[in-house]
Amino acid sequence: MSSPSRRSSSPESNTSGGGGGGYAADERKRKRMLSNRESARRSRARKQQRLEELIAEAARLQADNARVEAQIGAYAGELSKVDGENAVLRARHGELAGRLQALGGVLEILQVAGAPVDIPEIPDDPLLRPWQPPFAAQPIVATAMADAFQF
């Protein structure tokens, strides 16, 4: 621990004791106080800088979050549109499948009855073969897909 002369900063301790030891202790104390003040000032400056960095990062993250939310909204709208189109196509498929089945039944009845059934040749239309694309398969470029999902 420290000696009693170092703890006391009163003027009496400087004059008593018979020497100049009080002045040196006061000088050390003054230097220590200045050093502590400077250290505290640097600490406050670092703390302020860190606070400003965190505020800037929070603003950047909020902007990123808003941009991502906007993209999600756009994708949700697009998904809703595609879902609607898909529902229409499914309904149309069901309707056409029913009509085809009914026509198949009519053809069977006509054939069983012995009526001449002249079925024309179906033209080679790529729309009648949806499982076979009318064009050559093209590779999907990975960078195009990566750009679509960048946030």
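**View 1. Residues lining the second largest pocket of the predicted model.** In this predicted model, the second largest pocket is lined by Leu89, Arg92, His93, Leu96, Ala97 and Leu100, and the space lying in this pocket amounts to about 180 Å³. Sorted by class, the lining comprises 4 nonpolar residues, 1 polar residue and 1 charged residue. Because Arg counts as charged, the charged member of this lining is Arg92, whereas His93 is the polar one, since His is not among the residues listed as nonpolar or charged. Rolling a probe the size of a water molecule over the atoms shows where empty space is left.

**View 2. The salt bridge between arginine 92 and glutamate 95.** Arginine 92, which also belongs to the lining of the second largest pocket, meets the side chain of glutamate 95 in a salt bridge with an N to O distance of 3.0 Å. The two residues are 3 positions apart in helix H3, so about one helical turn separates arginine 92 from glutamate 95. Arginine 92 has a relative accessible area of 40% and is therefore partly exposed, and glutamate 95, at 41% relative accessibility, likewise counts as partly exposed.

**View 3. A network of salt bridges joining Glu38, Arg41 and Arg42.** Side chains of opposite charge can pair when their charged atoms come close. Here Glu38, Arg41 and Arg42 are linked in a network of salt bridges, in a structure that holds 7 salt bridges. Between glutamate 38 and arginine 41 the closest N and O atoms are 2.3 Å apart, while the salt bridge between the side chains of glutamate 38 and arginine 42 has an N to O distance of 3.8 Å, which lies within the 4 Å cut-off for a salt bridge. Along helix H3, arginine 41 is 3 residues from glutamate 38, which means a separation of about one helical turn, and arginine 42, 4 residues from glutamate 38, is also separated from glutamate 38 by about one helical turn. Glutamate 38 is partly exposed at a relative accessible area of 31%, as are arginine 41 at 42% and arginine 42 at 40%.

**View 4. A nonpolar patch on the surface, with isoleucine 119 as one of its members.** Val106, Leu107, Leu110 and Ile119 form this nonpolar patch, and together they have about 310 Å² of accessible area. Isoleucine 119 is placed in the loop between helix H3 (21-113) and helix H4 (142-148). Isoleucine 119 counts as exposed because its relative accessibility is 51%, and exposed means over 50%.

Key: Residues numbered from 1 in each chain as written. Predicted model: local features only at pLDDT ≥ 70, side-chain atom pairs only at ≥ 80, totals over all residues. Heavy atoms only, no water. 1 Å grid on protein atoms, 1.4 Å probe; cavity = no way out; pocket = protein on both sides within 12 Å on 5 of 7 lines; lining within 4 Å. Points joined across faces, edges and corners; volume = space filled by probe spheres on them. Patch = residues over 30% accessible without salt bridge, like charges linked within 9 Å, V, L, I, M, F, W, Y side chains within 5 Å. Areas by Shrake-Rupley, 256 points an atom, 1.4 Å probe, with all protein chains shown as cover. Buried < 20%, exposed > 50% of the residue type's maximum accessible area, 1.4 Å probe, protein only.
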